[in-house]
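Take a look at the model below. The questions that follow ask what lies behind the words used for it.

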Amino acid sequence: MADPLLRIDALHAGYGDAVVLHGIDLAIADGAAVALLGRNGAGKSTVLKTILNAGPKLVAGRISLDGRDLRALGADARARAGLMLVPEDRRVFPHITVAENIALGVHAARPGVKPMTMDEIWDLFPALVPFAERAGYALSGGQQQMVAVARGVIARPRLLLLDEPVEGLAPVIVDQMAAEIRRLHRDHGLTVLVTEQNLSFARAVTDTLHLIDSGELVHSGDWAGFDADPTLKTRYLAV
Ligand SMILES: Nc1ncnc2c1ncn2[C@@H]1O[C@H](COP(=O)(O)OP(=O)(O)OP(=O)(O)O)[C@@H](O)[C@H]1O
Ligand SMILES: [Mg+2]
């Protein structure tokens with residue numbers, strides 16, 4: 001069988017002396033849309049940041065992209081290999097424009113892969129067009145999140161990691177964001193791994209899910225399987 005796009009084996013990682021991930025195994029196929037769900041502090045962001053080598057300390061285990069071991073690569077090299085993280089805190093720079101914020105994502109272009117043009121970005125995110133020249137500080141939370149996602153895809157990553165993209169956003173913005181992510185997945189073949197606590201959003205944008213609790217995966221499957229066992233929700237997610 002072909003290698004999955006991303007493969008994580010027996011991953012242990014943490015901060016300083018504290019180990020917070022205790023043996024995570026995860027395989028993400030090219031073209032998949034996958035959710036990683038769990039309570040506050042379960043380890044969701046740590047998984048994403050460990051994949052990027054952006055903070056947590058790898059204690060043991062293996063992370064590979066297309067069968068290539070990533071261990072020796074720093075965060076920038078992993079970005080240029082096709083991994084892109086849109087972090088929880090969005091990091092939209094306040095004193096440059098929306099267009100300039102999005103263009104910053106071009107630095108992660110893979111060798112031989114042409115980044116999207118700004119026209120392609122505006123086609124993908126028409127809601128941002130009226131704000132193109134507006135400074136980052138003058139955007140709503142939802143607009144900032146959309147800028148962060150646009151910056152995340154401009155270099156055409158192989159795998160987009162989204163850390164709680166709709167946390168704190170109004171329901172109408174959540175629906176808009178779900179439609180955007182779905183479209184990037186369906187029409188542009190983008191592979192996505194998304195962490196969330198918002199179940200309806202996660203359900204709208206992914207096909208399979210993993211539940212994480214105290215740094216361990218406790219359930220994996222599709223949404224039908226998740227719905228068939230209501231105790232999963234009460235045991236592993238805040239409801
Ligand atoms: N920089 C850090 N230094 C030390 N411990 C950390 C650090 N970041 C996270 N942790 C700890 O690691 C554990 C997992 O945190 P993580 O941020 O991965 O959880 P999460 O599932 O993303 O939670 P949330 O839903 O609140 O974002 C928690 O116990 C947290 O306190
Ligand atoms: Mg988190």
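**Terms and reasons**

Q: Why is Ala10 called partly exposed?
A: Ala10 has a relative accessibility of 37%. Buried means under 20% and exposed means over 50%, so a residue in between is partly exposed. Ala10 therefore counts as partly exposed. This is a predicted model.

Q: What makes the phi of Ala10 worth a remark?
A: Most residues other than glycine have a negative phi. Ala10 is not a glycine, yet its phi is positive, near 45°. Ala10 sits in strand S1, residues 6–15.

Q: Where is Ser214, and what is its phi?
A: Ser214 is in the loop between strand S9 (208–213) and strand S10 (216–222). Its phi is positive, about 45°, although Ser214 is not a glycine.

Q: Is Ser214 buried or exposed, and how do you know?
A: Its relative accessible area is 52%. Exposed means over 50%. So Ser214 is exposed.

Q: Why is Ser45 called buried?
A: Ser45 has a relative accessible area of 13%. Buried means under 20%. Ser45 therefore counts as buried.

Q: What makes Ser45 and Glu88 donors of the magnesium ion (ligand 2)?
A: A donor here is an N, O or S atom within 2.8 Å of the metal. Ser45 offers its OG and Glu88 its OE, lying 1.9 to 2.6 Å from the ion. So both fit the definition of a donor. Water is not among the atoms, so the site may look incomplete.

Q: How do you know that this pair links distant parts of the chain?
A: Ser45 and Glu88 are 43 residues apart. Ser45 is in helix H1, while Glu88 is in the loop between S6 and helix H3 (98–103).

Q: Is Glu88 buried, exposed or partly exposed?
A: Glu88 has 37% relative accessibility. That lies between the cut-offs of 20% and 50%. So Glu88 counts as partly exposed.

Q: Why is H1 described as largely enclosed by the rest of the structure?
A: Of its 9 residues, 8 are buried, so H1 is largely enclosed. Among them are Lys44, Val47, Leu48 and Ile51. After H1 comes Asn53, with a positive phi near 60°.

Q: Why is Thr46 called buried, and what does Thr46 touch?
A: Thr46 is found in helix H1. Its relative accessible area is 7%. Buried means under 20%, so Thr46 is buried. Leaving aside neighbours within four places in sequence, Thr46 is in contact with Tyr15, Val20, Leu21 and Pro56.

Q: How do you know that Thr97 is buried?
A: Thr97 has a relative accessible area of 14%. The cut-off for buried is under 20%, so Thr97 is buried. Thr97 lies in the loop between S6 and H3. Neighbours within four places in sequence aside, Thr97 is in contact with Ala132, Glu133, Arg134 and Ala135.

Q: Why is Ser140 called partly exposed?
A: Ser140 has 35% relative accessibility. This falls between 20% and 50%, so Ser140 counts as partly exposed. Ser140 is in the loop between helix H4 (118–124) and H5. From Ser140 to Leu65 is 35 Å, C-alpha to C-alpha, with their places 75 residues apart in sequence.

Q: What makes a set of residues a nonpolar core, and which members touch the most others in the largest one?
A: Members must be buried, of the listed nonpolar kinds, and joined through side-chain atoms within 4.5 Å. The largest core has 52 residues, and Leu37, Ile102, Ile121, Phe125 and Phe201 touch the most other members. H5 gives the most to this core, with 6 residues. Another core, of 28 residues, lies apart from it and includes Leu11, Ile63, Leu83 and Leu159.

Q: Which residues lie nearest the centre of the largest pocket?
A: They are Met84, Leu85, Pro87, Arg91 and His107, from a lining of 22 residues. The pocket holds about 520 Å³ of space. By class, its lining has 11 nonpolar, 4 polar and 7 charged residues.

Definitions and conventions: Residues numbered from 1 in each chain as written. Chains lettered and ligands numbered in written order. Predicted model: local features only at pLDDT ≥ 70, side-chain atom pairs only at ≥ 80, totals over all residues. Heavy atoms only, no water. 1 Å grid on protein atoms, 1.4 Å probe; cavity = no way out; pocket = protein on both sides within 12 Å on 5 of 7 lines; lining within 4 Å. Points joined across faces, edges and corners; volume = space filled by probe spheres on them. Nonpolar A, V, L, I, M, F, W, Y, C, P; charged D, E, K, R; others polar. Buried < 20%, exposed > 50% of the residue type's maximum accessible area, 1.4 Å probe, protein only. Helix = DSSP H or I, 4+ residues; strand = E, 2+ residues; numbered from the N terminus. Donors = N, O, S within 2.8 Å, 3.2 Å for Na, K, Ca; no water. Contact = heavy atoms within 4.5 Å.
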